[in-house]
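User: I should like to understand the reasoning behind the labels attached to this model. Please set each value against its criterion.

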Amino acid sequence: MRFVLPVLALLLAVPAHATPEPPTGRSNLPIPRFGSLRAGDSNMRSGPGEQYPAIFHYARKGLPVEVIREWGPWRLVKDPDGDSGWMDQAMVATERTAYVTRATRTLFAQPDVAAKPLWHVEPGVVGKIIFCAGAWCRISVDGQSGYIPRDQLWGTYPAEKIG
């Protein structure tokens, strides 16, 4: 009997379903999908519930996250660094943002590298996605907007049309 309890605790920590979750999740939104942190004070937990310890604390409202699973009001999310854990649905907004990756990037006046460069953004900058089509996205950061190649962002799927 003493061996049953640790196994049961492990099963409770990682929810399993007799039937797979629908591709739209319980929220009727697609799985996977991108969203963003609703608050500047959010915890990522090791399991789907407040009884599970916080494994990361986020102090950055608008940071994009990828929702990869749903469990009741809990969302299994992945952040731009690839870390994953559970967050309450109240902490995950549907607003689309993107995270600038790897290096300082140029935003252009038009969706073309030959277009006039407008300004530069550092890696880790988060911008609101205005729209994405094809290989380009238009993002807004601190009231300025411009075009950036989609592959220089984290927070959007390669062929996804936004806006």
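Analyst: Strands are DSSP runs of E covering at least two residues, and they are numbered from the N terminus. Ser-42 belongs to strand S2, which spans residues 42-45. The model is a predicted one. The chain contains 1 helix and 14 strands.

User: Why is Ser-42 called buried?

Analyst: A residue is buried when its relative accessible area is under 20%. Ser-42 has 1% relative accessibility, so Ser-42 counts as buried.

User: What makes the approach of the Ser-42 side chain to the backbone oxygen of Ala-39 a polar contact?

Analyst: The cut-off for a pair of N or O atoms is 3.5 Å, and one atom must be able to donate a hydrogen while the other accepts it. The side chain of Ser-42 reaches the backbone oxygen of Ala-39 at 3.3 Å, a distance within that cut-off.

User: Which residues is Ser-42 in contact with, leaving aside its neighbours within four places in sequence?

Analyst: Contact requires heavy atoms within 4.5 Å. With those neighbours set aside, Ser-42 is in contact with Phe-56, His-57, Tyr-58, Met-87 and Met-91.

User: How many aromatic pairs are there, and what makes the pair of Phe-34 and Tyr-157 tilted?

Analyst: Ring centres must lie within 6.5 Å, and plane angles under 30 degrees are stacked, over 60 edge-to-face, and the rest tilted. The count by this rule is 5 aromatic pairs. One of them joins Phe-34 and Tyr-157, with 4.5 Å centre to centre and 45° between the planes. The angle falls in neither the stacked nor the edge-to-face range, so the pair is tilted.

User: Why is the pair of Phe-34 and Tyr-157 said to tie together parts of the chain?

Analyst: Phe-34 lies in strand S1 (residues 33-37), whereas Tyr-157 lies in the segment after strand S14 (153-154), so the pair links parts that are 123 residues apart in sequence. Phe-34 is buried at a relative accessible area of 8%, while Tyr-157 is partly exposed at 23%. Phe-34 and Tyr-157 also form one aromatic cluster with Trp-154.

User: How do you know that the rings of Phe-56 and Tyr-58 form a tilted pair?

Analyst: The centres of the Phe-56 and Tyr-58 rings are 6.3 Å apart and their planes are at 40°, so the pair is tilted. Phe-56 is partly exposed because its relative accessibility of 32% lies between the 20% and 50% limits. Tyr-58, with a relative accessible area of 9%, is buried.

User: How do you know that Cys-132 and Cys-137 form a disulfide?

Analyst: The criterion is a pair of cysteine sulfur atoms within 2.5 Å. The sulfur atoms of Cys-132 and Cys-137 are 2.0 Å apart, so the criterion is met. A search of the whole structure finds 1 disulfide. The link of Cys-132 and Cys-137 is right-handed, with 110° about the S-S bond. Cys-132 is buried at 1% relative accessibility, and Cys-137 is buried at 0%.

User: What makes the backbone at Arg-102, Asp-142 and Pro-32 worth listing?

Analyst: Most residues other than glycine have a negative phi, and most peptide bonds are trans. Arg-102 has a positive phi near 60° and is found in the loop between strand S8 (97-100) and strand S9 (105-108). Asp-142 likewise has a positive phi, of about 50°, and lies in the loop between strand S12 (136-141) and strand S13 (144-149). The peptide bond from Ile-31 to Pro-32 is cis, with omega near -5°. Pro-32 is in the loop between helix H1 (4-13) and S1.

User: Why are Arg-102 and Asp-142 called exposed?

Analyst: Exposed means over 50% relative accessible area. Arg-102 stands at 67% and so is exposed. Asp-142 stands at 78% and is therefore exposed as well.

User: Where does pLDDT stay under 50?

Analyst: That occurs over residues 1-20, for which the model has 14 contacts beyond four places in sequence. Where pLDDT is low, the predicted coordinates should not be read in detail. The chain averages a pLDDT of 89, and 87% of the residues score at least 70.

Definitions and conventions
Residues are numbered from 1 along each chain as its sequence is written. This is a predicted model: local features need pLDDT of at least 70, side-chain atom pairs count only at pLDDT 80 or more; totals for chains, interfaces and linings use all residues. Side-chain values use heavy atoms; hydrogens and water are left out. Rings of Phe, Tyr and Trp (its six-membered ring) pair if their centres lie within 6.5 Å; planes under 30 degrees apart count as stacked, over 60 as edge-to-face and the rest as tilted. Helices (H or I, at least four residues) and strands (E, at least two) are DSSP runs, numbered from the N terminus. Buried means under 20% relative accessible area, exposed over 50%, partly exposed in between (1.4 Å probe, protein chains only). pLDDT is the predictor's confidence in each residue, from 0 to 100.
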